[in-house]
Amino acid sequence: MATTPFWINRTAFLGSLPGPSRASEQSAAGREGVMTSGSLETEALDVERMSAHVRDWAELVSRAIEPNGFLEPGFALPAARHFPAKSRPLFVTVWRRAGLQGARRLVALFPIVAPGFSLGAATARGWLHKQAALATPLLDRECAEEAAAALLDWFAGNRSGAGAVLIPMTPMSGPVFAAFTRAARATGRDWRVLDRHERAALLAGGDPEEVWTRTSSRKALSEMRRRRRRLEEAGELKRVVYSTPAEIPRATEDFLALEASGWKAERGALLGHPSLATFVRSATRLLAREGKIRIHSLELAGKPIAMGVVIESGARSYFWKIAYDESLRAQAPGVQLVYAITEMQSERADVAITDSCAIPGHYMIERCWPDRLVVCDLMVQAKTDGVTQFAEAHAKEVWRRRLRETAKRLYHRVLSRKR
């Protein structure tokens with residue numbers, strides 16, 4: 001008899017998992033919910049069990065074949081803890097064991113969201129919440145393809161019942177995409193790309209003026225500098241970067257207040273949602289301890305008029321959030337801040353690319369940063385013999401997305417008529 005898919009009874013599935021202390025002591029054969037393949041062991045942990053492995057997680061980040069700032073433990077754990085319970089992920093982990101009773105090393109991490117009841121073929125989805133711009137799993141560079149295959153095998157097991165695995169928002173030219181597609185080919189699995197799109201990015205080493213004028217003009221650059229001079233007439237204008245554990249809490253409060261002072265006050269300012277504000281305070285504090293966050297501030301007469309939060313992971317930066325004083329809109333403080341960040345990021349030898357984290361076609365950042373990062377949703381067949389299940393899951397996903405886009409268009413059409 002086939003095992004019931006775990007998301008039909010998620011509580012029972014979580015209850016079958018061992019606690020953190022037992023998990024480290026027991027062999028794989030003695031633990032429920034663990035799949036073994038040679039020296040690799042794959043299991044799913046809830047947020048509390050995953051919290052017991054923060055050191056292993058941080059070490060995997062340092063060895064990852066491709067970074068993901070939104071899967072830094074300092075960012076992902078506060079998100080998992082402070083978001084609503086229905087949005088919390090399961091952390092699917094792959095461990096390599098040295099010998100039968102040897103120490104384990106974490107070689108893959110892929111948080112997933114367990115969907116509700118599904119008629120027909122189900123899709124297991126990577127965890128992508130509204131505060132994250134990527135869902136790229138972490139894979140150890142020494143065994144990336146092998147770890148990717150172990151993840152797929154885990155979803156193929158009777159415990160999951162998934163017909164497909166969806167990895168949302170991952171760079172299409174990145175090594176994680178390559179590892180999963182190679183693992184799929186090697187095991188006879190099919191795969192598909194959904195929602196491929198480009199977003200603005202900044203490559204390191206360029207000349208800021210050349211970068212800025214590649215998609216605009218010298219006249220636009222001169223106009224921005226003229227507006228900067230107008231700001232300087234009102235008081236001392238300076239750029240400040242906050243990054244230390246002592247500086248970040250105050251800078252975070254300033255950012256939250258600045259964001260809430262503008263249009264977002266009515267449409268989703270972080271301060272308007274206690275759980276989100278708590279998450280931001282916790283995440284920025286934890287990232288600061290690891291030296292993985294910078295808050296850029298453009299300050300006029302000692303008061304922030306534009307601020308940007310940049311997350312750091314490996315050789316990549318992620319321009320996560322921006323806020324500016326809307327009373328100074330005529331002088332474009334947000335654009336002034338972006339230019340300042342462009343200058344600073346271009347000079348850094350430790351950063352290869354800065355991801356704008358913006359939606360495709362963003363009216364401001366795409367005129368400032370000419371480089372592009374191609375991201376997509378990658379759907380991979382779960383079971384090696386599940387061609388029909390995968391085709392069904394893929395068709396359902398395409399239909400679901402088309403239905404969602406149609407609903408969005410109708411909503412905006414009705415909204416525009418009301419206005």
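**Note on the predicted model: confidence, salt bridges, helix H7 and Glu312**

1. Residues 1-30 have a pLDDT that stays under 50, and the model gives this stretch 56 contacts beyond four places in sequence. Where pLDDT is low, the predicted coordinates should not be read in detail. The structure is a predicted model throughout. Averaged over the protein chain, pLDDT is 88, and 86% of the residues score at least 70.

2. Salt bridges come next. The structure holds 34 of them. Side chains of opposite charge can pair when their charged atoms come close. One such pair is Arg63 with Asp140, with 2.7 Å from N to O. This pair links distant parts of the chain, 77 residues apart: Arg63 belongs to helix H4 (residues 54-63), while Asp140 sits in the loop between strand S6 (138-139) and helix H6 (144-156). Both partners, Arg63 and Asp140, are buried.

3. The pair Arg230 and Glu233 has another setting. Their side chains form a salt bridge at 3.8 Å, N to O, and both residues belong to helix H9 (residues 218-233), where they are three residues apart, about one turn of the helix. An α-helix has 3.6 residues a turn, so residues three or four places apart point the same way. Are Arg230 and Glu233 buried or exposed? Arg230 is partly exposed, because its relative accessibility is 43%. Glu233 has 62% and therefore counts as exposed, the cut-off being over 50%.

4. Glu209 and Arg218 form a further salt bridge, with 2.8 Å between the closest N and O atoms. Glu209 has a relative accessible area of 26%, so this residue is classed as partly exposed. Beyond single pairs, a network of salt bridges links six named residues: Arg125, Asp195, Asp377, Glu397, Arg400 and Arg401.

5. Helix H7 (residues 175-186) has twelve residues. From first C-alpha to last, H7 reaches 16 Å, close to the 16 Å expected at 1.5 Å a residue. Which residues of H7 are buried? They are Val176, Phe177, Ala179, Phe180, Thr181, Ala183 and Ala184. The cover over these buried residues includes the helix H6 and the strands S6, S7 (162-171), S8 (191-203) and S14 (371-381). After H7 comes Gly188, which has a positive phi, near 75°.

6. Glu312 lies in strand S11 (residues 303-313). With a relative accessibility of 7%, Glu312 counts as buried, because the cut-off is under 20%. Its side chain makes a polar contact of 2.9 Å with the side chain of Ser317. What else does Glu312 touch, leaving aside residues up to four places away in sequence? Besides Ser317, the contacts are Glu72, Lys292, Ile293, Arg294, Arg348 and Val351.

7. On cysteines, how many disulfides does a search of the whole structure find? The search finds zero. Cys143 has 6% relative accessibility and therefore counts as buried. Cys357, at a relative accessible area of 18%, is also buried, because the cut-off is under 20%.

Methods: Residues numbered from 1 in each chain as written. Predicted model: local features only at pLDDT ≥ 70, side-chain atom pairs only at ≥ 80, totals over all residues. Heavy atoms only, no water. Salt bridge = Lys/Arg side-chain N within 4 Å of Asp/Glu carboxyl O. Helix = DSSP H or I, 4+ residues; strand = E, 2+ residues; numbered from the N terminus. Buried < 20%, exposed > 50% of the residue type's maximum accessible area, 1.4 Å probe, protein only. Expected span 1.5 Å × (residues − 1). Contact = heavy atoms within 4.5 Å. Polar contact = N/O pair within 3.5 Å; in protein donor to acceptor, adjacent residues only side chain to side chain. Disulfide = S-S within 2.5 Å. pLDDT = per-residue confidence, 0-100.
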